[in-house]
Protein chains: 2
Amino acid sequence: MKAEIIAVGTELLLGQIVNTNAQFLAESCAEIGVDVYFQTVVGDNRGRIREAFDIARKRAELIICTGGLGPTQDDLTKDVLAEYTGRQLYIHQPSMDKIEELFRSRGTVMVESNARQAHLLTQSDPLANDTGLAVGAALTFEGTHFILLPGPPKEMKPMFKHYAVPWIQSKMGGVQPLFSKVLKFSGIGESNLEHQLIDLIQTQRDPSIAPYAKEGEVMIRLTTRAASQAEAESRIEPVEREIRSRVGEYIYADEDMPIEQAVLRRLGQSGRTVAVAESCTGGLLSDMFTAIPGSSQVFLGGVVCYTNALKNQLLDVPLDVLEGIGAPGAVSKETAALLAENVRRKTNASVSVAITGVAGPAESEGKPVGTVFVGIAREEGTVVEQLKLSGNRESIKLKAAKNALYLLWKQL
Amino acid sequence: MKAEIIAVGTELLLGQIVNTNAQFLAESCAEIGVDVYFQTVVGDNRGRIREAFDIARKRAELIICTGGLGPTQDDLTKDVLAEYTGRQLYIHQPSMDKIEELFRSRGTVMVESNARQAHLLTQSDPLANDTGLAVGAALTFEGTHFILLPGPPKEMKPMFKHYAVPWIQSKMGGVQPLFSKVLKFSGIGESNLEHQLIDLIQTQRDPSIAPYAKEGEVMIRLTTRAASQAEAESRIEPVEREIRSRVGEYIYADEDMPIEQAVLRRLGQSGRTVAVAESCTGGLLSDMFTAIPGSSQVFLGGVVCYTNALKNQLLDVPLDVLEGIGAPGAVSKETAALLAENVRRKTNASVSVAITGVAGPAESEGKPVGTVFVGIAREEGTVVEQLKLSGNRESIKLKAAKNALYLLWKQL
């Protein structure tokens with residue numbers, strides 16, 4: 001089934017809020033095998049909402065609208081769709097009872113406009129709102145299905161999941177659901193990965209092979225329609241095997257998780273702990289670890305040693321390594337190794353990661369922006385790798401942290 | 001000028017990423033007086049991208065596209081627009097030089113597809129990409145202006161701001177330019193701020209008064225159209241004065257900068273330095289400081305002491321303060337003060353900030369999620385404040401860091 005998502009709301013057109021509803025609905029549609037080909041955002045304007053309906057009907061069998069179900073004069077979605085389909089609006093009594101009850105319990109007076117939230121179109125099915133007041137609607141008009149959902153995500157999401165999805169599925173008949181498998185890569189760029197798999201991607205049929213890059217990571221999603229998980233796996237498996245035979249060394253997970261989570265999980269499974277010493281990444285790697293719930297079982301903490309003085313005072317790197325004529329300098333193999341070894345010793349961590357480099361905007365110690373050294377210390381010994389990264393300050397910090405995680409991953 | 005934003009990318013239709021680009025572009029268009037009436041999302045599909053162009057041309061004079069400028073076979077925006085407008089694609093040599101130079105400096109082989117990022121349409125103006133490889137384009141076709149921007153926000157935003165906006169303004173003709181002034185607030189929520197200014201907001205005419213909240217900060221933008229800066233200032237000044245008389249204590253800057261930048265600037269002006277001790281924020285505050293170019297003049301670094309052992313080993317907090325029956329615990333006034341004082345002493349910083357609390361998802365030491373203590377140590381003494389924050393783990397980390405910065409700001 002082809003679908004279009006229409007978000008109604010001038011606040012979206014003004015950029016005052018981000019359209020996270022479209023992301024949620026798109027992802028949910030993909031999961032139930034509904035193909036979203038277009039998303040549209042339109043303001044609180046009768047003529048333009050009508051126009052959006054007109055266009056969407058030509059290219060979709062299912063139109064999912066969010067927003068415009070509230071009590072104010074700006075909330076027009078039901079009014080416009082009633083006019084558009086030649087149907088009437090009436091008060092949906094169970095919804096009205098709920099609204100009145102709420103105002104009674106608060107002891108406040110219900111203003112008349114609140115009744116708008118109980119409006120329903122004739123010849124439509126109500127979609128209950130378990131977390132708010134505005135009732136949703138599902139209806140079919142001349143072969144096109146319409147779903148009307150409220151704008152606030154905390155009302156929209158449960159309504160869609162519990163009431164709209166079963167309604168949509170009842171209209172879908174025999175379409176097989178989609179199954180997909182994600183492979184996450186680190187240590188390889190999107191274009192290089194695609195290059196290695198170009199023949200597979202160009203001749204892909206079933207499963208489809210889609211590479212994506214975001215926030216310093218690359219993933220491939222393999223997708224197929226099948227009657228069962230087992231049938232899907234039997235089709236995905238040979239393609240996955242071929243991909244692994246070519247670029248398997250860069251795969252760190254077969255589900256969608258960031259590499260820091262994969263690292264923490266692997267460390268946790270063997271009861272190991274990790275500490276960090278960060279110079280050019282300035283706390284980013286620690287922040288990434290601690291963003292993962294439960295990280296405190298594995299991630300101990302560490303030192304952000306942004307200056308040479310702190311590298312010396314907190315992590316005992318000798319000043320004559322850091323500074324002076326002929327010294328290796330703060331951005332060097334030697335300093336990366338000492339930082340890693342010393343933070344490991346001081347924290348009693350099983351393994352440690354140290355990152356020192358030049359994030360920019362200016363070069364440092366005569367070393368160009370993007371020069372980064374990563375040290376990994378373990379009981380077995382210490383390894384240091386040099387990276388040459390490109391981009392602005394933020395990008396170099398992110399790439400340095402992600403690359404350090406990949407180097408750590410390879411050591412585990 | 002009426003505009004439409006078209007985001008190209010199957011990953012958006014599948015709900016794999018959120019369309020934050022549309023929000024940024026919509027907000028930026030509003031600032032320069034361009035009216036966005038529709039936003040569209042379309043997949044990486046030639047026919048449907050064409051269809052989106054067809055529809056947008058009927059209802060907009062300016063079409064801003066994001067995405068589809070990358071190196072892969074899926075990146076179609078330039079190809080489709082060239083076909084659509086009957087123009088040719090050629091290699092834009094300065095962009096090609098940059099790509100080749102990057103691969104040379106990395107010592108890696110450039111695969112042929114990377115050249116696609118240097119493609120430009122004939123009869124178009126290049127938009128430089130200062131933070132990535134894909135060159136953007138601006139062109140006019142039969143009265144419709146097209147702007148092509150890359151999909152990654154870190155490339156798209158600076159390209160739009162520095163190169164697309166002046167190009168668009170040059171096409172806007174006799175409309176008086178917009179002037180705006182931003183006031184940044186900390187320590188006050190958006191709804192409370194709006195409440196204090198509700199009469200001004202409701203009766204606003206010129207300048208317009210728009211409050212925004214994002215990423216733990218609140219700002220007010222005052223905007224007016226005027227022939228000159230002086231004329232704009234004469235209209236903005238009395239409104240700004242009224243706002244300051246009511247909520248001036250929460251204003252930390254009169255330009256759009258994050259509070260960490262305002263803190264670093266104020267410290268730098270008086271030659272002072274800062275160090276941090278982070279428990280529940282886990283490196284986020286350090287990361288925020290080090291995201292600011294030049295921060296190394298003021299921010300020394302610090303300790304991420306995620307576990308009690310590290311609070312003790314690296315920052316000398318006595319174990320009997322941290323643990324045991326009747327002990328204040330890691331999340332306490334006492335620990336916050338000791339962390340701040342000890343990190344200041346060990347780093348020789350002028351001031352220090354310590355944050356310890358419960359980010360969730362589970363409570364800790366019997367203290368509920370959102371309990372956070374912030375300590376600020378200076379030569380004059382130490383202050384500690386307790387915060388009660390709400391939200392998920394990520395949100396609590398962010399609010400804790402931003403609130404700590406506000407407390408530090410007040411001490412400076």
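Me: What makes C305(A) count as buried?

Reply: In this predicted model, C305(A) has a relative accessibility of 0%, and because buried means under 20% relative accessible area, C305(A) counts as buried.

Me: Why is C280(A) called buried?

Reply: The relative accessible area of C280(A) is 3%, and since the word applies to values under 20%, C280(A) is therefore buried.

Me: How do you know that C280(A) is in no disulfide?

Reply: The structure holds 0 disulfides over all chains, and for C280(A) the nearest cysteine sulfur, which belongs to C305(A), lies 9.8 Å away. A disulfide needs a pair of cysteine sulfur atoms within 2.5 Å, so a distance of 9.8 Å leaves C280(A) in no disulfide. Seen from the other side, C305(A) is also in no disulfide, with the sulfur of C280(A) as its nearest cysteine sulfur at 9.8 Å.

Me: Which residues line the largest cavity, and which elements give two or more residues to its lining?

Reply: The largest cavity, with a volume of about 70 Å³, is lined by N19, A22, Q39, T40 and V41 of chain A, together with N19, A22, Q39, T40 and V41 of chain B. Two or more residues of this lining come from β2 (35-42) of chain A and likewise from β2 (35-42) of chain B.

Me: What makes A22(A) a nonpolar and N19(A) a polar part of that lining?

Reply: Ala and Val count as nonpolar, whereas residues that are in neither the nonpolar nor the charged list count as polar, so A22(A) falls in the nonpolar class and N19(A) in the polar class. By class, the lining of the largest cavity has 4 nonpolar, 6 polar and no charged residues.

Methods:
Residues are numbered from 1 along each chain as its sequence is written. Chains are lettered from A and ligands numbered from 1 in the order in which they are written. This is a predicted model: local features need pLDDT of at least 70, side-chain atom pairs count only at pLDDT 80 or more; totals for chains, interfaces and linings use all residues. Side-chain values use heavy atoms; hydrogens and water are left out. Buried means under 20% relative accessible area, exposed over 50%, partly exposed in between (1.4 Å probe, protein chains only). On a 1 Å grid over the protein atoms alone, a cavity is a set of points where a 1.4 Å probe fits but cannot get out, and a pocket is an open set with protein on both sides within 12 Å along at least five of seven lines; lining residues have an atom within 4 Å of a point. Grid points are joined across faces, edges and corners, and a volume is the space filled by probe spheres set on the points. Helices (H or I, at least four residues) and strands (E, at least two) are DSSP runs, numbered from the N terminus.
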